[in-house]
Amino acid sequence: MHGDIDRRQLLGLLGGSLAFAACTRRGRSEPSGGESSAAGCTVTPSQTEGPYYVELDKVRRDITEGRPGMPLLVALKVQEAGSCAPIANAAVDVWHCDASGDYSDGGATFLRGTQVTDADGNVEFLTVYPGWYPGRTVHIHAKAHLDSRSEFTTQLYFDDAVSDAVFATAPYNDRGKRSTTNVRDSIYRSGPQLRLAKEGGGYRGSLAIGVKR
Ligand code: FE
């Protein structure tokens, strides 16, 4: 199911409507595939898509395409708000800027990709830690599809202290100081934040995203 599946074919397989929530995790060990289910689901704020979204035709786990940067594994779990039951076969898109703050466009596809949730509601993307661009805090755009008409779009944020540490390293450190942190960002408003842990030579960022249907 995770091969080269055209997204329109995927969307034909999917059904349901959505409104999103995030399930917080309390005091349990982390399964390798994503967030654990736990009591205490809270609503995830919807966030603006931003001007850079482009459709993708291909599904892929590794979206790096050779862009330099700190390795980042993004592990997302899509689940029912309230019960935290995992939701399979949801198509999840992510896209973000590179270490220099540039998005792919004009036919380029780096740092963009789609994955379909497995039976446990999990998707993973291999990428690099995003850089920054003027006026915005560090973020990854994310969109989930449960059917051809139902989309939920949000942005995933990072701990500012971790971003500062990453940006002190190459190739991020050949730029000036970033202009905007989370609290100074006009869109952030306590948006969903990836839980970051060092893994290998980089980071793992995980988040549970709940759907209320
Ligand atoms: Fe953006």
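This briefing covers the overall make-up of the protein, its iron site, one of its helices and three buried residues. The model is a predicted one, and the values given below are computed from it. The protein has two helices and 10 strands, and 53% of its 213 residues count as buried. An iron ion is held by two tyrosines and two histidines, namely Tyr 103, Tyr 133, His 139 and His 141.

**Overall make-up**

- Read along the sequence, the elements follow the pattern α-β-β-β-β-β-β-β-β-α-β-β, which is made up of two helices and 10 strands.
- Among the contacts with a separation of 6 or more, 75% are between residues that stand 24 or more positions apart in the sequence.
- The protein exposes about 9300 Å², and carbon and sulfur atoms supply 51% of that area.

**The iron site**

- The iron ion is coordinated through the OH atoms of Tyr 103 and Tyr 133 and through the NE2 atoms of His 139 and His 141, at 1.9 to 2.2 Å.
- Along the sequence, the donor residues of the iron ion are spaced Y-x29-Y-x5-H-x1-H.
- Tetrahedral geometry would require all angles to lie between 85 and 135 degrees; because the four donor atoms around the iron ion subtend angles of 92 to 151°, the arrangement is irregular.
- For comparison, the ideal angle at a metal with four tetrahedral donors is 109.5 degrees.
- Of the donor residues, Tyr 133 and His 141 are both buried.

**Helix 2**

- Helix 2 spans residues 160-167, and its buried residues are Asp 160, Val 162, Ser 163, Val 166 and Phe 167.
- These buried residues lie on the same side of helix 2, because they cover an arc of only 160° around the axis.
- The cover over the buried residues of helix 2 includes strand 9 (195-199) and strand 10 (202-211).
- At the N-terminal end, helix 2 is capped by Asp 159, which has a side-chain oxygen 2.8 Å from the backbone nitrogen of Ala 161.

**Ser 104, in a loop**

- Ser 104 sits in the loop between strand 4 (91-95) and strand 5 (112-116), and with a relative accessible area of 1% it is buried.
- A polar atom of the Ser 104 side chain lies 2.8 Å from the backbone oxygen of Phe 110.
- When neighbours within four places in sequence are left aside, Ser 104 is in contact with Thr 109, Phe 110 and Arg 112.

**Cys 84, in a loop**

- Cys 84 belongs to the loop between strand 3 (71-80) and strand 4, and it too is buried, with a relative accessible area of 1%.
- Although Cys 84 and Gly 121 are 37 residues apart in sequence, their C-alpha atoms are 9.9 Å apart in space.

**Lys 77, in strand 3**

- Lys 77 is located in strand 3, and this lysine counts as buried because its relative accessibility is 7%, where the cut-off for a buried residue is under 20%.
- The side chain of Lys 77 reaches the backbone oxygen of Asp 120 at 2.5 Å.
- Lys 77 and Ile 209 are separated by 132 residues in sequence, whereas their C-alpha atoms are 5.8 Å apart in space.

Note on methods. Residues numbered from 1 in each chain as written. Predicted model: local features only at pLDDT ≥ 70, side-chain atom pairs only at ≥ 80, totals over all residues. Heavy atoms only, no water. Buried < 20%, exposed > 50% of the residue type's maximum accessible area, 1.4 Å probe, protein only. Helix = DSSP H or I, 4+ residues; strand = E, 2+ residues; numbered from the N terminus. Arc of directions from axis to C-beta. Contact = heavy atoms within 4.5 Å. Polar contact = N/O pair within 3.5 Å; in protein donor to acceptor, adjacent residues only side chain to side chain. Areas by Shrake-Rupley, 256 points an atom, 1.4 Å probe, with all protein chains shown as cover. Donors = N, O, S within 2.8 Å, 3.2 Å for Na, K, Ca; no water. Tetrahedral: all angles 85-135°; square planar, octahedral: opposite > 155°, others 65-115°.
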